[in-house]
Amino acid sequence: MTDVSEARRLELEQLVADRTRELTQALEQKTALLHEVDHRVKNNLQLISSLLLLQNRRVSDPAVKAAMRAMLDRVNAIATVHRRLFQSDDVERFDVSAFVRDLVADVIGSSARDNIEFSLDLERVDVAAAKAAPLALVISELLSNCMRHAFPDGRAGRIFVGIRRTNGDFRIEITDDGVGVSSAAKSSGFGLTIIQLLCQQLKAKSETTDAEPGTRVLIDLPVNGARS
Amino acid sequence: MNEQPLGVLIVEDEVLLAVELGFLLEEAGCHSVGHAMSSDEAVTLAHDLQPELALVDVHLRDGPTGVEVARTIHEDCGAVALFMTANVKRLPEDFAGACGVIGKPYSSHGVRTALEYLKICMRHGHAPGPVPVGLTLSPAYAELWGLDALPKAG
């Protein structure tokens with residue numbers, strides 16, 4: 001009797017070991033596939049940027065160059081998101097403060113203006129990965145607007161970017177000490193439309209006020225799902 | 001600062017990326033000496049053209065052969081290799097002898113500042129300051145170029 005149950009036990013252990021090995025292999029294959037997809041996405045975003053850059057080199061009309069530059073900035077914002085996704089261990093959460101730091105570094109570097117200063121006060125906030133690209137586009141669009149319209153004629157200035165948690169929500173603030181909303185050159189209608197649509201998608205509230213001098217934009221979003 | 005442009009070999013199988021990189025190189029005080037799309041081509045061109053720096057993507061036309069390419073170029077051709085890849089995490093700990101990596105997708109500004117920085121490091125043997133955003137140096141090169149703190153993650 002003991003021999004039979006011993007044999008059966010060994011048989012079951014073997015089955016478990018086999019099954020575990022199969023599942024481990026399947027998991028490894030799926031993980032490798034995931035990395036492959038991630039790699040493809042990053043490469044393809046690079047391809048899109050390169051196409052826009054190459055075309056822009058051949059264009060001389062300033063209005064067209066400006067439009068292409070704006071598109072490039074938007075693609076760069078999305079590319080920055082993807083560069084950071086998968087860098088942390090949690091692939092479902094996205095660190096907004098790290099993204100803002102990357103974005104500001106790029107904005108500073110690629111701008112021809114050396115008299116616009118940035119100051120950052122960023123609390124660490126993670127959002128669901130699905131929100132990363134829309135949020136990145138909103139922040140990028142607001143920063144681009146600032147850079148393009150707040151400091152005309154070589155006017156020097158400061159741009160403050162803040163991220164703060166507020167009871168289950170979080171608040172993004174972008175404040176400049178430039179020429180202000182009323183006297184600013186008319187911002188691109190398209191840019192504002194993008195911001196409004198994306199805020200709807202993110203269930204975010206946005207508010208633009210006079211910072212005297214300059215402009216303050218506040219965006220309030222829920223961190224998780226519906227607003228409390 | 002040494003005004004001679006830095007001779008650079010581009011090892012990248014996406015043609016559009018390579019062409020745009022070529023333009024960026026020229027804007028950063030470098031000069032593109034050639035473009036390879038496979039590992040064989042890369043090693044041949046590195047031997048024949050003797051670049052100072054090679055920008056190497058990990059995934060080439062003949063598969064994920066970029067890591068070996070970087071090692072060969074460094075050991076046999078005496079050039080400094082720099083990875084440009086979306087797969088930063090898959091690189092070996094010793095970076096296969098390369099000086100570092102720029103993660104894809106990269107920005108034009110990121111690449112330009114990285115190249116300007118590397119040119120100074122290579123020509124002067126010492127880093128002019130902290131590592132710019134977008135560039136990560138290998139531990140060996142961070143030490144070689146006198147960076148006290150850990151290299152800044154890109």
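Start in chain A by selecting strand β2 (residues 116–122) and strand β4 (residues 157–166): the two run parallel and are joined by 7 bridges. Keep in mind as you go that this is a predicted model. Within this pair, pick E117(A) and you will find R158(A) of β4(A) standing opposite.

Now keep β4(A) and add strand β5 (residues 169–176) of chain A. These two run antiparallel, with 8 bridges between them. Here F160(A) faces T175(A) in β5(A). Follow the chain round the hairpin of β4(A) and β5(A), where 2 residues lie between the strands, and stop at N167(A), which takes a positive phi near 50 degrees.

Next, show both chains. 21 residues of chain A are in contact with 17 residues of chain B. On the chain A side, α1 (2–58), α2 (62–84) and α3 (96–110) each supply at least two residues. Colour α1(A) for the biggest share, 12 residues. Colouring by class instead, you will see 7 nonpolar, 9 polar and 5 charged residues on this side.

Move on to chain B and select its open sheet of 6 strands, with mixed pairing and the order β2-β1-β3-β4-β5-β6. At the edges are β2 (30–36) and β6 (135–137) of chain B, each pairing on one side only. On average, neighbouring strands are turned by 25 degrees against each other, direction ignored.

Finally, add helix α1 (residues 15–27) of chain B, which packs on the sheet and touches β1 (6–11), β2 and β3 (53–56) of chain B. Its direction makes about 160 degrees with that of β2(B). Helix α2 (residues 39–49) of chain B lies across β1, β2 and β3 of chain B, running at about 140 degrees to β2(B).

Note on methods
Residues numbered from 1 in each chain as written. Chains lettered and ligands numbered in written order. Predicted model: local features only at pLDDT ≥ 70, side-chain atom pairs only at ≥ 80, totals over all residues. Pairing = 2+ DSSP bridges. Helix = DSSP H or I, 4+ residues; strand = E, 2+ residues; numbered from the N terminus. Contact = placed C-beta atoms within 7 Å. Nonpolar A, V, L, I, M, F, W, Y, C, P; charged D, E, K, R; others polar. Axes fitted to C-alpha atoms, helices over the stretch in contact; angles between N-to-C directions.
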